[in-house]
Every structure is written in C-alpha cells, then in structure tokens.
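Let's take a walk through this structure together, one piece at a time. Have the sequence and the 3D view open as you read.

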Amino acid sequence: MAATPDQPTPATPRRKVSRHRGEGQWAVGHFTPLNGNEQFKKDDDGLNVRARIENIYSKAGFDSIDPNDLRGRMRWWGLYTQRKPGIDGGKTAILEPEELDDKYFMLRVRIDGGRLTTDQLRVIGEISHEFGRDTADLTDRQNIQLHWIRIEDVPEIWRRLEAVGLSTTEACGDTPRVILGSPVAGVAENEIIDGTPAIDEINARFIGTKEFSNLPRKFKTAISGSPLLDVAHEINDIAFVGVEHPEHGPGFDLWVGGGLSTNPKIGQRLGAWVPLDEVPDVWAGVIGIFRDYGYRRLRTRARLKFLVADWGAEKFRQILQDEYLKRELTDGPAPEQPLQAWRDHVGVHRQKDGRFYVGFAPRVGRVNGPKLVEIAEVAAAHGSGRLRTTVEQKMIVLDVAEDQVDSLVAGLEALDLRVKPSPFRRGTMACTGIEYCKLAIVETKQRGATLIDELERRIPEFDQPITININGCPNACARIQTADIGLKGQLMLDKDGEQVEGFQVHLGGALGLEAGFGRKVRGLKVTSDELPDYVERVLGRFQEERKDGERFAAWAARASEEALS
C-alpha cells in the first residue's frame, strides 16, 4: 500500500516487543484499573453506598439500584443478591448476573470474635422472622446470615442491629472481613492469652474507615490464644496464634498467606512473636502490604496468598519491618500442636472462674428466626447473657453455674441442639449451596442434614472424630480441602447416563494436628443420592484397617485407592 503524506513509508518491520502490564500493584506504580471491580472501586468507595441505600434504593425499590452498587459496592455493607429460585446448577456458569439475581438479598451480620449477647441474638432472630422468612445460618466464619431481605427493609434492619451494638459493616466486599476469635476467649482454663483487646482495637481503629476499604480482594483475620488452635489460623490471610515466649511471656505467633478456594495454600509463619498491645499495628502493617503490593490485575490472583507465595516469608517479613513498622520484630517460637482432635468446644467445660461453658451443635449450621430467639431465652435463663459462635457452625453459652448445667442442656436438647452430638452431627458442615448462592452448582444444607441422619442410623457405633465438609461449588466456603471427607459439588452422570448432582471427593485433609490438604483419588466422584452409601463404606474400611490411635486423615494418606473408592 502506498504511503500517504501523513504516513511515511515504513521502515523494515521490527519485532513487536511485549511489555509486561504488571500485576496492578499500587506500590510499584500500577494504578490504572485493570478489571471491572477495580474500576467501580476507583469510581466510588464501597462504604459510600450506604447513603444511597438509605436515601434512594430503599425508597425507589430494587429496580432503581445501579448495577455497580448491586453486584459490587453493596457487599461493603454485607449485602449480596441471592440466587433466583428454580435455576439449576448447569446454568450457574452460563447465565448473566442479571439472570441469576433474585430481587432479594442475603444479609451477613458481622460477629467479630463470635461474641454475642442474648439481647443481640434475640434481635437477629426477630429480624429473621420479620424480614427474612425465618432464614438463618451460622457460618464457619462466626457470622450469621439471613436471606429474603428486601432493599426496602435494610435501613430498619440496620437500625435494629446497631441499637444493640451489631453491624454489617464490611461483612463482605474487598475489605477486612470479620475477625475470627477464640469463642472461649477470656474464660477457658487453659488459655495462653486473651486476644479480645486486639480484636476490639482493630475494629475501633480500622473497620469501616477508608484506610483499608479498597483492597485487592477480601482479607481474613484470625486471633486466638487458645492452645486448641480453634480459629483455623492456617487458612487465613493473617493469623495471630497464642504462644508462650521463653523470655517475654505470652503473646502471638504471626502467620500470613493462608487461603482455600481453587488454589489452596497453608499460611506461612514469619517466625515473629507479637505482644498483645502490638497486634493492631502489626495487623495494619500486613493489610497495608496487601493494599499496596497486592495483585489487582486478575481477580483470580488478588489474594494475599499469591503475594506471600511469590515473595516468601523472609522477604515479606523484611518489607513489613522496613516499610510499615519501621522496626524489627521479635523472633519467637511456633505454637505447640493441640492435644485433642476436636477444636469446636462442643460439650460441657469448666471455665477458669469455676463456672461452665456449654457448646452445642445445630445441623450444618442451619437454624431459623424463632430458634435463635429460643436459644437467647434459654441462654439468658441459665447464664450471664453471653454466647459465642464458632468456626465450625456451632454455638456456645458462657458463664453457666454448676447447678444450672443440666437444666440448660435439657433446654437445648429440646430444641434439637445437641450438647453431646454424634461424630456426624458434630463434624459435618455445609455451605449455603444452590438454595441461595449464585455460584453454587448443587444443594448442600439439606443434603448434609440427611447424611447426618443416615449415618447415625446406619453406623451408630462409630465414635471417632470425623469431619465431613460439603461445598456447592469449587470455592471452598465450607473448607472441603481441610476435611477428613471433603465434598466439592459438581454435575455428573449417574449409572443411567442422566445428569445429576454429585461431588468430587477429597480425603484426609486436616488442620491443627498435621495441617494439609485432602487427597484426590483419580475419578472418585459420587452422586448425591449415593453419598450415604459411599461415606458408610469408606468409614467401614477405616474402622477395619486403622491402627491403634490412628486418625482418619492419617489412614486416608496411606490407604489404597481401592479402599477409598
């Protein structure tokens, strides 16, 4: 083609040089939004959407909501649209967001450290009954989730929650999510250190502020001084784990970079001992690194675990010290392994003040509004008015006098809340599933409840600790990779060639004793209907083949594929 006056004859063609676009790290000058999420956060901070919810959307209704608020910024206040009823799992990855969205919301109530009063629980139960069609789930992050929430009712719900000291602030979104804490902080006889003051200070200084309200993605925190390692510290972005320093006394061992989903990683120790009063500043330093150096180009790599994996623990600690804390951290010891398998505090346990705490197990975290109110009333009648949620979808009543324990246990059992549950009731968790979640492929909650009933009926003599975690999609909200038996929802063909709901099976995952991810046996899948048969079969082989004192995870690591199939 001939050159025009404005287009000189080209020289010999040069090889095109590709330029790496970077990972969207602010600290190295990559501020240009690289995906839709980064753009809407740049356009307006997620915390600002509350005013629009109160002043516009709650008055004009669902159809008035801006799409970037609806599927983005409203998460900063604990609101996700829920799945429209009747959409099967095969369409989850096919339909557009607006086709999956129902005109109702899931609302997540933030419960830092799992700490609740009976008055607070009663209010949540009343909100569930009045505004949420009696839905309520205890999550494995110590929150309570409600469903069927209308945008018109959100301001009134916030008013009622905040009147009793609760909130939904940054319960979702690219923010510092709820801070996990030992559910028996301050009361357990064997506690190394109580992390509650650090949780409170982090909340007071940082939650709901603009300093950390635009992170690359979510940021999960765990703080516990329990020797039971009771907050799944290994799979949080940051965790402070109670340890006794030989020179400085009780404090916390610092971990960073844990997380699950489709690319699971166990957190790494930085080898640093942190005293209680320094925890908030160290927390701010780590989350500051995530904000400034975290990868923002691809959402799939926008978690802290990827940065930690690329840098390594040594570099991460050095940058934390040099650029954020401006001082050296103290070297410290690793936490000791817990001496028991169960870390959920279920049962009756003596407190350090001579009173008792009583932990109980609903079915897979599923409760409802009236039941929450009844729990509050039973707890108020027998304790001091303090309750806790756990990271295993359980609850605990604190401060029970010895002469009140039997009456409390009877009251809870009458509500089908087991204080001495079977291993199956105690060890089975399930995520929200296709009932409400737009990412899910299969149903989970009812499947988990049915599985518990079936196993209790079929193998009532089974008495070993066992965890069975059921997830409706690959995102691992129910921690499938770290369960004895982890079940990842998927669609599959049954023996007749029909497409049905089923699960890919992970076996032998663990936290605490020997943390690691479950084993996948090639081709091992099971339909939902066949699930009780499969679990009964594999547990039977475990009982036949296990050595004295051997836990399921250890057996699954050495068992033959035939035994696991």
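Start with strand β6, which is mostly covered: six of its six residues are buried. Keep in mind that what you're looking at is a predicted model. Four bridges tie β6 to strand β7 (residues 219-224), and the two run parallel. If you want a spot to zoom in on, find Ile179, which sits opposite Thr221 in β7. To get from β6 to β7, the chain passes through helix α7 (residues 196-206), and this β-α-β crossover is left-handed.

Now zoom out to the sheet. Six strands make up an open sheet, in the order β6-β7-β8-β9-β10-β11, and the pairing is mixed. At the edges you'll find β6 (176-181) and β11 (330-331); each has a single partner strand, so one side of each is left without a neighbour in the sheet.

Further along that order, strand β8 (residues 238-245) is joined to strand β9 (residues 249-256) by eight bridges, and these two run antiparallel. Here Ile238 is the residue to look for, with Val256 of β9 standing opposite. As for side chains, in a regular strand they alternate between the two faces of the sheet.

What lies across β9, β10 and β11? That's helix α10 (residues 313-325), which runs at about 40 degrees to β10 (268-274).

Next, head back towards the start of the chain, to helix α1 (residues 36-43), where Glu38, Phe40 and Lys41 are buried. Those three cover an arc of only 165 degrees around the axis, which puts them on the same side of α1. It helps to know that an α-helix has 3.6 residues a turn, so residues three or four places apart point the same way. The face turned away from the buried side of α1 carries the exposed residues Gly36 and Lys42. Among the things covering the buried residues of α1 is α3 (67-70). The N-terminal end of α1 has a cap, too: Asn35 places a side-chain oxygen 3.0 Å from the backbone nitrogen of Asn37.

One last stop is Asp399, found in strand β16 (residues 395-400). Is Asp399 buried or exposed? Its relative accessible area is 5%, and buried means under 20%, so Asp399 counts as buried. Its side chain makes a polar contact with the side chain of Ser384, at 2.4 Å. Leaving aside neighbours within four places in sequence, Asp399 is in contact with several residues, including Val187, Gln351, Arg355, Phe356 and His382.

Methods:
Residues numbered from 1 in each chain as written. Predicted model: local features only at pLDDT ≥ 70, side-chain atom pairs only at ≥ 80, totals over all residues. Heavy atoms only, no water. Pairing = 2+ DSSP bridges. Contact = heavy atoms within 4.5 Å. Axes fitted to C-alpha atoms, helices over the stretch in contact; angles between N-to-C directions. Buried < 20%, exposed > 50% of the residue type's maximum accessible area, 1.4 Å probe, protein only. Arc of directions from axis to C-beta. Polar contact = N/O pair within 3.5 Å; in protein donor to acceptor, adjacent residues only side chain to side chain. Right-handed = clockwise from strand over helix to strand, strands pointing away.
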